[in-house]
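Q: Please take a close look at the aromatic rings of this structure and their surroundings.
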Amino acid sequence: MFTLAEVASLNDIQPTYRILKPWWDVFMDYLAVVMLMVAIFAGTMQLTKDQVVCLPVLQSTVNSKAQPGMSGKADFTTVETTTGQGEDMSVRTVSFGSVSTVTPDVPLSRPASSQSQPTESGQEPKKEQKDSLGRKTNLDFQQYVFINQMCYHLALPWYSKYFPYLVLIHTIILIVSSNFWFKYPKTCSKIEHFVSILGKCFESPWTTKALSETACEDSEENKQRLTGAQSLPKYVSTSSDEGSPSANTPMITKSGFKFSADKPMIEVPSVTILDKKDGEQAKALFEKVRKFRAHVEDSDLIYKLYVGQTIIKTVKFIFILCYTANFVNTISFEHICNPKVEHLIGYTQFECTHNMAYMLKKLLISYISLICVYGFICLYTLFWLFRIPLKEYSFEKVREESSFSDIPDVKNDFAFLLHMVDQYDQLYSKRFGVFLSEVSENKLREISLNHEWTFEKLRQHVSRNAQDKQELHLFMLSGVPDAVFDLTDLDVLKLELIPEAKIPAKISQMTNLQELHLCHCPAKVEQTAFSFLRDHLRCLHVKFTDVAEIPAWVYLLKNLRELYLIGNLNSENNKMIGLESLRELRHLKILYVKSNLTKIPPNITDVAPHLTKLVILNDGTKLVVLNSLKKMTNVAELELQNCELERIPHAIFSLSNLQELDLKSNSIRTIEEIISFQHLKRLTCLKLWHNKIVNIPSSITHVKNLESLYLSNNKLESLPAAVFSLQKLRCLDVSYNSIALIPAEIGLLQNLQHFYITGNKVDTLPKQLFKCVKLRTLCLGQNCITSIPDKVGQLLQLTHLELKGNCLEYLPATLGQCQLLRKSGLVVEDHLFDTLPSKVKEMLNQDTSIPFANGI
């Protein structure tokens, strides 16, 4: 038979799973153990005690006639025979009614005479009558054993025989049903993972510190924070937008920022100190919780399995109760047995007693009582399962009791597991909710970040940019370290890929800060910090993916001079680029937009009177509507690049103050409209490079004030004489076209300083080119030039000469007369440089030898 320990092991679960065992499951487990004990006790009793005892029932006719003194007469006769030599055996033939049986009698010590037998036999009944009052059956022990066993199977009800085993089987089924969700692979893995994470979250030092910090927060401070947040304009993005009362307070109190003069945030540092190892473990827990939630929330298998096994237990309870109640009365002490073995025993009916009947009946009643209690608990469990939506879990109470008001509600199996944990101890859910809060995670990141990025480490990352300004570039951090705001001499701050960047009031210490870069970094600012940026910031670069990522406070920096916007501004969001209305940017001078615009946003006209430079760099999207340009009367520089323009927009001709126009990388084929540029008296620079222009109209002569003309990367085949009538021209770039000849009229450009004709088909250089004595840059590379005239020596101001990629065989020695030319400015093949006289090479190498001499 099974021992209790062996069977009870079926009900054993890992101790860590106990947090998922509500009181009803625990109670049912104990009931199952008691039922096991009942089954084992009943089974043991049946195996160790006699089962039934049966005695024959005499026929009624015999019972009425038989008298004790007549038992030796007609009722039976005995016949004695002696067999064997040394052994005496008496065999008695008993005649009982019409059936005779042969039974062995007691052996005699010696043979008796036949004459004395009747006398002895006649005296024997009288003696028996005096000794016993019962009736002799003359059955042997083996016959009793035989009839007992036979009647056990025939007369005893089946439930009396198999009751212990049925109880055992039922109990095992109930135990398996209670714990199947802990064993089923698809649920066991999730449960094991959940219990593991829950235990780590409960014991994590960060949980204790985060909740302790919440307890330290003063309600008056919270009210004042909320009041301060409400006093902000709706466009100022602060941490309170997330709904967390404490989210807009710095985690590290090093900043010394106070919301109340009486209660500074200096009470918390002892709470926020966290070991680096503990911080890393907490970070890993946040990631585990995030992944587990995403994995478990997509299904409700655990919930369905638990409901299913509860229904199975309830149905099992009803089934057991129904059929067991019918068999309570069948268990009795007395039973009548008719084995139909008269030819062996001589009796047709027996009356049997079941020794275990009384005990089994009591045990059965106890079992029914246990089953009833078990069933009522199952019904209560079903009521609990369907009374509330267990596939939804709200952390509303946790949000109310803590500062982590952003803890999200969960659903499906994740919600069900948390409901089960609440039945064990609600403290688990409260501590677990800390790791579902982004505010909590951000606070942890801030603490770890400030430990890692100290003032000394940040100082090492400060560098000098091209404008000789001190610049700090922070990339892919979890936040902005507090020590950054101690770098009071910083001029430029670049924040890139920092999604949780927060700018505290401490930024007001950075009095030199005038330029800020936010690359995919929707920074949030406190009110005091916003006031500082509004008054001091001059240049802002914002790089984003969608226009909604642009911080709202950007549009309120009234002293901003330069604004650079790089990101997606498609047609649907063009109304948003009204950019929450730029009219507040009253001092904005430069607006740079790199995007995919189809029209110039109408709200840009809010700052049009103030703009002096507008740059629109599209990604190839065609810019159709340009009427807004007419209102930008003060624009001096205009760039419309990669906008798929096919002609020069007419709206440009209304910009009377325009000085520089750049139409790079469009699809312009003809520039006949260039005659209208004569109305733009201040236009000095025209850039039409990287287009599809075939020829230059002669009307270009009307743009008399033009000083720079860029026509590189077009399809020009010649340079008309009209170009050389622009006497003020100082820079001419016609590189990478198909020009074969440089006209002699180029000598008329006496003010020409930079001439680029690289990548064409020029084979000879006109002597008039060298009359442009003010040339400083001359790029003739990648042509078909075979020789350089000696008059190149007349270019006394030449500092850069490009000749690489031609068909030259030698370089003229007159290059030595170009006093400002150095080897670093001479772009030519090495073997051609070697053809120069040594004195010329020495003169060209002076730029390297002079520093060396000075070093000596």
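Which residue lies over the face of Tyr-152, and at what distance from the ring centre?

A: In this predicted model, Lys-161 lies over the face of Tyr-152, at 6.0 Å from the ring centre. A second lysine, Lys-664, is placed over the face of Trp-689, with 4.9 Å to the ring centre.

Turning to contacts between rings, the count comes to 29 aromatic pairs. One of them joins Tyr-159 and Phe-163, a tilted pair with 5.7 Å centre to centre and 50 degrees between the planes. The pair is classed as tilted because its angle is neither under 30 degrees, as stacked requires, nor over 60, as edge-to-face requires. Both residues belong to helix 6 (residues 158-183), where they are four residues apart, so about one helical turn separates them. Tyr-159 is buried at a relative accessible area of 1%, and Phe-163 is likewise buried at 0%.

Another pair is formed by Phe-202 and Tyr-428: the ring centres are 4.4 Å apart and the planes meet at 25 degrees, so this pair is stacked. It links distant parts of the chain, since Phe-202 is in helix 7 (residues 185-203) and Tyr-428 is in helix 17 (residues 426-433), 226 residues apart. Phe-202 counts as partly exposed, with 24% relative accessibility, whereas Tyr-428 has a relative accessible area of 16% and is therefore buried, the limit being under 20%.

Finally, Tyr-159 and Phe-163 also belong to a cluster linked by ring pairs, together with Trp-158, Phe-319, Tyr-323 and Tyr-367.

Note on methods: Residues are numbered from 1 along each chain as its sequence is written. This is a predicted model: local features need pLDDT of at least 70, side-chain atom pairs count only at pLDDT 80 or more; totals for chains, interfaces and linings use all residues. Side-chain values use heavy atoms; hydrogens and water are left out. Rings of Phe, Tyr and Trp (its six-membered ring) pair if their centres lie within 6.5 Å; planes under 30 degrees apart count as stacked, over 60 as edge-to-face and the rest as tilted. Helices (H or I, at least four residues) and strands (E, at least two) are DSSP runs, numbered from the N terminus. Buried means under 20% relative accessible area, exposed over 50%, partly exposed in between (1.4 Å probe, protein chains only). A charge sits over a ring if NZ of Lys or CZ of Arg is within 6 Å of the ring centre and within 35 degrees of the ring normal.
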